[in-house]
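Please look over the structure below with a bench biochemist's eye. The questions that follow ask how each description is reached.

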Amino acid sequence: MKRTAMKPFHTLVQAMAWVSAALFVASGVMLTYEVVARHFFVAPTIWAAELSQLTLIWGSLLGMAWLLRTRRHIAVDALVELLSARQKRVTETISMLVVGAFSAAVTWKGWEIFYESFERGRTTGSMLDLPTWVAELAVPFGFAVLFVQAVIEAFNAISGRQIQGPSHGAHE
């Protein structure tokens, strides 16, 4: 795959990573506010816990593709490091195809769950009573983008392109 053809997708993934980071910060701010309000002013909120859960869900799922692209995910590579360059490419290709297949399955099932909740008008049942589909939509969206990134990484591995990541000198 040509790098110029992938530029819009890489830009999307990078933007999603920044949104993910902002959501984690927002969650920390909300939970800190909740702790201060509850313990110092005996005035707990009805929104902080649920909204922070929502930001953590979206933040986690939006960041997955960037983590894969930059190899900042958890990887146990003790045995892989013992392999030849060709064997590493083969194992990398296989692992990216497995990630892609898993992501496709989760996207499919996640969409079904989201759509059913959306159609039925399910809500959280909390004091905020948010629609459940707001959180559920993060699953098919995040895993669909992860699927595309896994396919890109599989093609990169097949073609012998250098794997980018923190241990390989690629920093963004």
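**Reading the terms against the values**

The accessible surface of the protein chain comes to about 10800 Å², with 71% of that surface belonging to carbon and sulfur atoms; accessible areas come from the Shrake-Rupley method with a 1.4 Å probe, and for residues only the protein chains shown count as cover. This is a predicted model, in which local features need pLDDT of at least 70 and side-chain atom pairs count only at pLDDT 80 or more, while totals for chains, interfaces and linings use all residues. Residues are numbered from 1 along each chain as its sequence is written, and side-chain values use heavy atoms, with hydrogens and water left out.

Q: How many helices and strands are there in the protein chain, and what pattern does the chain follow?
A: The protein chain has six helices and zero strands, and read along the sequence its pattern is α-α-α-α-α-α. Helices (H or I, at least four residues) and strands (E, at least two) are DSSP runs, numbered from the N terminus.

Q: How does the reach of α2 and of α6 compare with what is expected at 1.5 Å a residue?
A: The expected span of a helix is 1.5 Å times one less than its number of residues. Helix α2 has 15 residues and reaches 21 Å from its first C-alpha to its last, close to the 21 Å expected. Helix α6 (residues 138–159) has 22 residues and reaches 32 Å, close to the 32 Å expected. Just after α6, G160 takes a positive phi of about 80°.

Q: Why is S103 called buried?
A: Buried means under 20% relative accessible area, exposed means over 50%, and partly exposed is in between (1.4 Å probe, protein chains only). S103 has 0% relative accessibility, and therefore counts as buried. This residue lies in helix α4 and touches F143, L146 and F147, not counting residues up to four places away in sequence, where contact means heavy atoms within 4.5 Å.

Q: What makes the pair E34 and R38 a salt bridge?
A: A salt bridge is a side-chain nitrogen of Lys or Arg within 4 Å of a carboxyl oxygen of Asp or Glu, and the side chains of E34 and R38 meet at 2.7 Å, N to O. The two residues are four apart in helix α1, and so are separated by about one helical turn. An α-helix has 3.6 residues a turn, so residues three or four places apart point the same way. E34 is buried, with a relative accessible area of 10%, whereas R38 counts as partly exposed at 41%.

Q: Why do R120 and E116 count as exposed or partly exposed, and what distance makes their salt bridge?
A: R120 counts as exposed because its relative accessibility is 61%, and E116 is partly exposed because its relative accessible area is 31%. Their side chains meet in a salt bridge at 3.5 Å, N to O.

Q: How do you know that R71 and E92 link distant parts of the chain?
A: R71 forms a salt bridge with E92, the closest N and O atoms being 2.2 Å apart. R71 is in the loop between α3 (64–69) and α4 (85–120), E92 is in helix α4, and the two are 21 residues apart. R71 is buried, with a relative accessible area of 14%, and E92 is buried, with 13%. R71, E92 and E153 are linked in a network of salt bridges, and the structure holds seven salt bridges.

Q: What is the nearest side chain of opposite charge to E50, and how far away is it?
A: The nearest side chain of opposite charge is R38, 12 Å away, and E50 is buried yet has no salt bridge. Lys and Arg count as positive and Asp and Glu as negative, while His and the chain ends are not counted. E50 is found in helix α2; leaving aside its neighbours within four places in sequence, E50 is in contact with T124, S126, L128, D129 and L130.

Q: Which residues make the nonpolar surface patch?
A: Y33, I46, W47 and M127 make this patch of about 450 Å². Patches are made of residues with over 30% relative accessible area and no salt bridge, like charges being joined within 9 Å and nonpolar side chains (Val, Leu, Ile, Met, Phe, Trp, Tyr) within 5 Å. I46, with a relative accessible area of 46%, is partly exposed, and its place is in the loop between α1 (3–41) and α2 (48–62).
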